[in-house]
Amino acid sequence: DRKIYSKKNMNTDKIIELAFYTLPALITGGVAYYLFNSYFNDQQNTRRWLVQKENQKLGLPLRLQAYERLALFLERINPTKLLIRVAPLHQDKMAYQNLIIQHIEQEYEHNLTQQIYVSDECWLMILTAKNTVIQNIRKTALSVDITNADKLRETILSNQLEAASSTTIALDFLKNEVTTFL
C-alpha cells in the first residue's frame, strides 16, 4: 500500500515540477506573443500611414488640377462669357439656343471625369449650375417677345445682370471646398 502511495506521490510531484517549469514558459510565451503582435501591428499602421501620406502628397496636385478645370468649366458656361464667345450663326433663335446648349454639353463632357476628385456635394453644385444655365436659356428662348438669335442673346445677357448666376454660386462653393483641404 505504501508503494502505491509513494508512486502516486512521485507522479504528483513530477506533475507539480512539470507545472513549475511549464507555467513560466507559457506566461513568457504569451507575453512575447502579445508584445510581438503589438509591435508588428504598430509597424503595419506606421507603414499604412506613410503610404497614405505619400498618396495624399501625390494626389493633391491631381485634385487641385481637377478643381482648376472645374472652375474653368464654370467660367466657360457662364452665360455672360459663353454668349460673347459663341456668336449666332444665323438669326434663328432655336438654332442659336441649340448651339449654346451644345457648347455647354461639350464642355461638361470634357470635364466629366473630374468628379472623382471632388466631393459629391461639389459635383452636385456643378451639375446644378450647368442644368440651371441650360434651363434658363431654354426658358428665355420660349418667350414670344424674342424673335431672333440676337434678341435671345441680348435677353439672356440682361437677365444675368439682374440675378446672381448659378455658375458664380457654384464657383464660390468650389473655392470654399478647396480651402478646406489646403
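**A first look at the helices**

Trainee: Where is arginine 76 found?

Mentor: Helices are DSSP runs of H or I with at least four residues, strands are runs of E with at least two, and both are numbered from the N terminus. Arginine 76 is found in helix 1.

Trainee: What kind of model is this?

Mentor: Residues are numbered from 1 along each chain as its sequence is written, and side-chain values use heavy atoms, with hydrogens and water left out. Local features need pLDDT of at least 70, side-chain atom pairs count only at pLDDT 80 or more, and totals for chains, interfaces and linings use all residues; the model is predicted.

Trainee: Which residues does arginine 76 touch, not counting those up to four places away in sequence?

Mentor: Contact means heavy atoms within 4.5 Å. Arginine 76 is partly exposed at 30% relative accessible area, a class between buried (under 20%) and exposed (over 50%), with a 1.4 Å probe and protein chains only. Its contacts are Leu82, Arg85 and Glu107.

Trainee: How many helices does the protein chain have?

Mentor: Along the sequence the pattern reads α-α-α-α-α-α. There are zero strands, and the helix count is six.

Trainee: What is the radius of gyration of the protein chain?

Mentor: The C-alpha atoms fill a box of roughly 125 × 30 × 25 Å along the principal axes. The globule rule (2.2 Å times the number of residues to the power 0.38) gives 16 Å for 182 residues. The chain is well over that, so it is more spread out than a compact globule. Taken over C-alpha atoms, the radius of gyration is 36 Å.

Trainee: How are helix 3 and helix 4 oriented to each other?

Mentor: Axes are lines fitted to C-alpha atoms over the stretch in contact, with angles from 0 to 180 degrees between N-to-C directions. The axes of helix 3 (residues 93-110) and helix 4 (residues 120-141) come within 9 Å and cross at roughly 175°. Under 35 degrees counts as roughly parallel, over 145 as roughly antiparallel, 65 to 115 as roughly perpendicular, and the rest as oblique. The two helices are therefore roughly antiparallel.

Trainee: How many residues of the contact of helix 3 with helix 4 are nonpolar?

Mentor: Residues that meet include Met94, Ile100 and Ile104 in helix 3, and Trp123, Leu127 and Val133 in helix 4. Ala, Val, Leu, Ile, Met, Phe, Trp, Tyr, Cys and Pro count as nonpolar, Asp, Glu, Lys and Arg as charged, and the others, Gly among them, as polar. One contact residue is polar and four are charged; the nonpolar count is 11.

Trainee: Which helix gives the most to the largest nonpolar core?

Mentor: A nonpolar core is a set of buried Ala, Val, Leu, Ile, Met, Phe, Trp, Tyr and Cys residues joined through side-chain atoms within 4.5 Å. This one has 32 residues, and Ile104 is among those touching the most other members. Helix 1 (2-77) and helix 6 (166-181) are among the helices that each supply at least two residues. With eight residues, the top contributor is helix 4.

Trainee: Is glutamine 160 buried or exposed?

Mentor: Glutamine 160 lies in helix 5. Leaving aside neighbours within four places, it contacts Asn78, Pro79, Thr80 and Ser165. At 18% relative accessibility, glutamine 160 counts as buried.

Trainee: Is alanine 164 buried or exposed?

Mentor: Alanine 164 sits in the loop between helix 5 and helix 6. Its relative accessibility is 64%, so it counts as exposed.
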